[in-house]
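Grab a pencil and open the viewer. Here are a few exercises to work through, each with a solution you can follow step by step.

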Amino acid sequence: MNIVEQTPKTFALTTPLYYVNDVPHVGSAYTTMAADTLARFYRLLGRQVLLITGTDEHGQKIQRSAANLGKEPQEFCDQISASFASLWELLNIKYDRFIRTTSPRHEMIVQEFFQKVWSSGDIYQGQQKGWYCVSCEEFKEERDLLEGNRCPIHTNKEVEWRDEQNYFFRLSKYQTQLEEFYRSHPDFIQPESRRNEVLNFVSQGLQDFSISRVNVDWGFPVPADPNHTLYVWFDALLGYVTALLDTEDTPTLENALAKWWPMNLHLIGKDILRFHAVYWPAMLMSANLPLPEKVFGHGFLTKDGQKMGKSLGNTIDPIVLVQQYGSDAVRYYFLKEIEFGKDGDFNEIRFINVLNADLANDLGNLLNRTLNMVKKYCAENALSVSNAAIPAENPLKNMGANLGEKVKQAYESLAFNQACEAVLSLVQASNKYIDDQAPWTLYKQGQQQEVETVLYTVLESVRLAAYLLSPVIPNISSEIYQQLGWEINFNEQTPNFATHAQWGLLSNQQTLGKPQPIFKRIELPKND
Ligand code: MSP
């Protein structure tokens with residue numbers, strides 16, 4: 001049995017490798033924003049992180065998309081793959097590896113892996129008959145089809161009948177081993193509802209699946225029989241392995257698996273759960289390789305309550321969204337408003353209202369008005385009190401004391417919305433506190449020490465909030481830190497969690513910066 005090992009100092013995670021049949025939509029951006037947030041969080045903890053993303057470029061779906069535009073597949077893939085990389089720049093995604101499955105190094109890895117599976121006796125030739133959804137690149141059970149032979153996921157696409165000689169992978173052989181693995185690794189598939197889905201699917205009995213095609217040219221030739229091309233999923237999943245190679249490494253499995261394997265986390269959408277939680281582990285078992293630690297299947301995004309997807313044609317252009325509102329705003333909305341693991345909706349009015357309420361108002365205004373009060377009420381624009389002078393029962397100090405740990409647990413369990421909510425409750429309590437304490441009145445009454453206590457506790461709470469939200473909104477957090485006198489840019493530095501996640505770090509030595517709005521209020525679109 002393969003044992004999942006974990007190297008505590010490293011953390012390797014992946015996004016799916018996106019199909020290049022079309023430019024990216026918000027659904028593809030969603031997983032990547034979540035992955036980047038998590039990667040940033042683990043870097044704050046001091047872990048060495050490897051964030052892998054990339055594009056999945058073979059198969060019939062892509063071959064057809066290129067042909068429809070009269071383009072050569074490789075030229076088409078080059079263009080679309082580049083549009084993913086440029087969207088990641090716009091969204092401020094700090095990935096470490098971008099793997100393209102058409103790269104020659106990937107082919108070497110796929111061949112070596114195929115050979116291992118072949119040697120295990122797990123590949124054989126057979127007749128494949130069934131309904132195929134080209135958009136899913138997956139055979140469908142007849143009982144799962146919608147009326148008119150349509151795919152349940154790509155509801156406007158008809159499945160196609162196939163009856164051909166294919167090579168098969170002996171998935172059925174791994175039934176017991178997989179079940180045993182799920183039992184002994186209860187956290188392997190998350191959230192719980194997805195785990196149950198997989199257990200249920202596997203308990204119905206696993207069937208071997210075909211891993212080659214005879215009617216598709218756009219793929220790697222099957223090493224044992226070049227008249228066939230490899231099934232796109234067999235090749236794509238191995239992209240995660242190829243991505244582990246350093247540029248100077250010779251492309252062998254041994255080199256690829258030397259440092260980061262087994263991976264800590266595959267982040268995926270719920271539609272590709274079976275591939276990651278059933279097929280992939282079985283393929284790895286067949287090749288005698290250890291399995292990844294965790295697969296997390298998130299929910300689907302809808303737009304104004306409607307299903308959204310590349311093949312359905314009602315997508316939101318993430319480029320337009322980022323150009324209009326900025327990367328932090330887009331990241332914040334999707335991670336704070338949607339429970340990761342559940343389906344969630346995008347609605348522009350709601351989007352604007354959330355950003356205005358949380359970022360412009362609760363967080364931005366609070367910082368701005370507090371810094372302005374320091375300027376007005378404190379000598380030389382500096383506080384004279386520090387953490388030591390604030391009593392432990394101060395409500396903000398009290399709340400801030402456990403916040404770091406609480407937020408850490410939320411990030412670690414991928415509960416991004418809970419992490420944001422917990423931070424926001426400190427921000428909201430700070431707004432209430434400053435209003436209740438009314439430092440402007442205290443100042444008039446000559447209670448200087450009290451004035452400074454209020455201003456210190458609020459500014460320190462804003463600092464802590466900025467630190468804990470920095471994986472989600474790195475630009476805004478950097479801006480806040482800079483206004484509080486730190487020369488820290490969260491896109492380049494990873495200030496240590498043990499120090500910065502503690503309430504009380506702000507000191508009276510800090511030279512406060514110039515108050516400037518950190519997030520401009522967005523005007524709601526006018527009704528025609
Ligand atoms: N190429 C495969 C993945 C191979 S991984 C080795 C693939 N690509 S995809 O581009 O079609 O989808 C990539 C991811 O986008 C999937 O995780 C999918 O769940 C996600 N999404 C596609 N539409 C989505 C929404 N409407 N909402 C949220 N995520 C969605 O599958």
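**Exercise 1.** Which atom of the ligand lies 2.8 Å from a backbone N or O atom of Gly269?

*Solution.* Start at Gly269 in this predicted model. Look at its backbone N and O atoms: one of them sits 2.8 Å from an oxygen atom of the ligand. Now try Leu17, where a polar backbone atom is 2.8 Å from a ligand nitrogen. Finish with Leu301, which also has a polar backbone atom 2.8 Å from a nitrogen atom of the ligand. As for cover, the ligand on its own has 670 Å² of accessible area, and the protein hides 95% of that.

**Exercise 2.** Find out how many residues surround the ligand and which element gives the largest share of them.

*Solution.* Count residues with a heavy atom within 4 Å of the ligand. You should get 22, with Asp56 and Asp271 among the closest. Next, sort them by element: strand 1 (10-19), helix 7 (232-237) and strand 12 (265-269) each bring at least two. Strand 1 takes the largest share, with four residues. Last, sort by type: 13 are nonpolar, six polar and three charged.

**Exercise 3.** Describe the second largest cavity: what is its volume, and what kinds of residues line it?

*Solution.* First, list the cavities of 30 Å³ or more; there are three. Pick the second largest, at about 60 Å³. Then check who lines this cavity: Tyr132, Glu137, Arg213 and Trp218 are among the residues there. Finally, split the lining by type, and you get six nonpolar, three polar and two charged residues.

Key
Residues numbered from 1 in each chain as written. Predicted model: local features only at pLDDT ≥ 70, side-chain atom pairs only at ≥ 80, totals over all residues. Heavy atoms only, no water. Near = heavy atom within 4 Å. Polar contact = N/O pair within 3.5 Å; in protein donor to acceptor, adjacent residues only side chain to side chain. Areas by Shrake-Rupley, 256 points an atom, 1.4 Å probe, with all protein chains shown as cover. Nonpolar A, V, L, I, M, F, W, Y, C, P; charged D, E, K, R; others polar. 1 Å grid on protein atoms, 1.4 Å probe; cavity = no way out; pocket = protein on both sides within 12 Å on 5 of 7 lines; lining within 4 Å. Points joined across faces, edges and corners; volume = space filled by probe spheres on them.
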